[in-house]
Amino acid sequence: MSAQIPIAVRDRVSDKAAKTLDIVAKFVDEECIPADTVFEAQVGVGEARWQAHPKILEDLKEKARSLGLWNMFLPKGHYKESPGFTNLEYGLMAEWLGKSRVASEAVNCAAPDTGNMEVLAKYGNDAQKAQWLKPLMDGVIRSAFLMTEPQVASSDARNIELKMVRDGDHYVLNGSKWWSSGAGDPRCKIYIVMGKSDPNNKDPYKQQSVILVPSDTKGITIHRMLSVYGYDDAPHGHGHITFHNVRVPATNLVLGEGRGFEIIQGRLGPGRIHHAMRTIGAAERALEWMLMRINDPTKTPFGKQLREHGVILEWVAKSRLEIDAARLVVLNAAIKMDEQGPKAALKEIAQAKVLVPQTALTVIDRAVQSFGGAGVSQDTPLANMWAQIRTLRLADGPDEVHLQQMGRNENRRGKEVAAKIAAQKAKAEELLKKYNITRSEIGSNIKR
């Protein structure tokens, strides 16, 4: 809530955003988290789960809209459709949304729709916005983003193979995609698909294009829904999909042929930071569950409450330090995005993308350990939280890809810092001569 905004960024948060943050916090704590259990029950069991649309979710959406909580993610100054919040301000709100399974969708700020809406808002033409952006922003349909492919190393997007061949006023698509999050939802009406439209282009970054594909187009087959450590996330789902001679109007192309890399970079940057923002909230909730457990008077191993065992309070302290430090990394990236745009903030976004999931997984694991057997069961939200956040070390680019790029960029300072250190050493030698100090005298005051 607004009283807990870090002092380092407080002067960057408007009164409107601070008030909205308090409303978000209350809505999540009092409405969304209790609704998570009802949502799971209303999804049901078996194959029917993939056609489910829990009523609790629509009721929450109605409450959210009445509270003015809707589409907060589109950043102020970048989109005319924005409700007027900066990335920093939304980041503080998204942290609370990350505490609940249903909260993000309840306020129409759920992935992959957020990233897809940003693509349409930033790159879509008027017709595309009218057909797809408006119903997405109204929350009446959902969408999926299809980029990753099973037969190639998709961590390098240049490997994408799905064929996009121009045929008159259409493109014909053939290929396979997986980890198409959101494709299982019966309300998913549009796929944003990345494919290879010009495989012979000498520039490997201009071979790809992005096209809008209605989910009911002939030739699309959803083969299965993939699970994450056994969780299938129905009805949302992560689809394995094939395209066989799928014909899509050329007018559905986004921005232009060969602009695919430009579009996905514009999409994935904000997507990464949104994931990081929500993940801070998940880590906070895990810490809350751990605090509840270690103060439970019925749990007294070896005659003491858990909090009386020394290592437990160390876990709490470390978790508090790590969450607070990770939050500042996220907010720093959000500020850079606000001031200079996502492209200029690639380093800061990558730092958050790598650091935050690892931090959250560590905190969640401590909470799991404090619960013992209950921690890995369905009796707490911890096991599911760990599984979902573990995917973020792979989603939007594996950690290793970002670390390699960050390391390469940092290493470019090698010659500069070597020259600086050499100059400092030379200056030190000059000063030693000036003050008639010999090398043998250095350190002579150390006790032997």
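What covers the buried residues of α3? In this predicted model, the cover includes α1, α4 (103-106), α7 and α8 (310-340). Helix α3 is mostly covered, with eleven of its eleven residues buried. They are Asn87, Leu88, Glu89, Tyr90, Gly91, Leu92, Met93, Ala94, Glu95, Trp96 and Leu97.

Helix α3 also takes part in a pocket. The second largest pocket has a volume of about 210 Å³. Its lining comprises 13 residues, and those closest to the pocket centre are Met1, Gln4, Glu95, Trp96 and Arg327. Two or more lining residues come from each of α1 (15-43), α3 (87-97) and α7. The most is given by α3, with three residues. In character, the lining of this pocket divides into six nonpolar residues, one polar residue and six charged residues. Glu95 and Trp96 thus appear in two lists: they are among the buried residues of α3, and they are among the residues closest to the centre of the second largest pocket.

Aromatic pairs were examined next. The count comes to four. One of them joins tyrosine 229 and tryptophan 386. The ring centres are 5.5 Å apart, and the planes meet at 70°. This pair is edge-to-face, because the angle between the planes is over 60 degrees. Distant parts of the chain are linked by the pair. Tyrosine 229 lies in the loop between β6 (220-225) and β7 (238-249), whereas tryptophan 386 belongs to helix α10 (residues 382-390). The two residues are 157 residues apart. Tyrosine 229 is exposed, at a relative accessible area of 56%. Tryptophan 386 is partly exposed, at 27%.

A second pair is made by tryptophan 289 and phenylalanine 371. It is tilted, with 5.9 Å from centre to centre and 45° between the planes. This pair also links distant parts of the chain, 82 residues apart. Tryptophan 289 sits in helix α7 (residues 260-294), and phenylalanine 371 sits in helix α9 (residues 346-371). Tryptophan 289 is partly exposed, with 22% relative accessibility. Phenylalanine 371 counts as buried because its relative accessible area is 6%, and the cut-off for burial is under 20%.

Charges over rings were found as well. The charged end of arginine 65 sits over the ring of tryptophan 70, at 4.3 Å from the ring centre. Likewise, arginine 267 places its charged end over the ring of phenylalanine 145, 4.0 Å from the centre of that ring.

Tryptophan 70 is also touched by lysine 61. Lysine 61 is part of helix α2 (residues 55-66). This charged residue is buried, with a relative accessibility of 5%. Beyond residues up to four places away in sequence, lysine 61 touches Trp70, Glu105, Ala106, Gly139 and Arg187. The C-alpha atom of lysine 61 is 10.0 Å from that of serine 104, a residue 43 places away along the chain.

Threonine 279 was examined last. Its place is in helix α7, the helix that also holds tryptophan 289. Threonine 279 is buried, at 3% relative accessibility. Leaving aside residues up to four places away in sequence, threonine 279 touches Val356, Pro357, Ala360, Ile389 and Leu392. Helix α7 therefore recurs across these results: α7 is part of the cover of α3, and α7 gives two or more residues to the lining of the second largest pocket.

Conventions:
Residues numbered from 1 in each chain as written. Predicted model: local features only at pLDDT ≥ 70, side-chain atom pairs only at ≥ 80, totals over all residues. Heavy atoms only, no water. Phe/Tyr/Trp six-rings, centres within 6.5 Å; stacked < 30°, edge-to-face > 60°. Helix = DSSP H or I, 4+ residues; strand = E, 2+ residues; numbered from the N terminus. Buried < 20%, exposed > 50% of the residue type's maximum accessible area, 1.4 Å probe, protein only. Lys NZ or Arg CZ within 6 Å of the ring centre and 35° of its normal. Contact = heavy atoms within 4.5 Å. 1 Å grid on protein atoms, 1.4 Å probe; cavity = no way out; pocket = protein on both sides within 12 Å on 5 of 7 lines; lining within 4 Å. Points joined across faces, edges and corners; volume = space filled by probe spheres on them.
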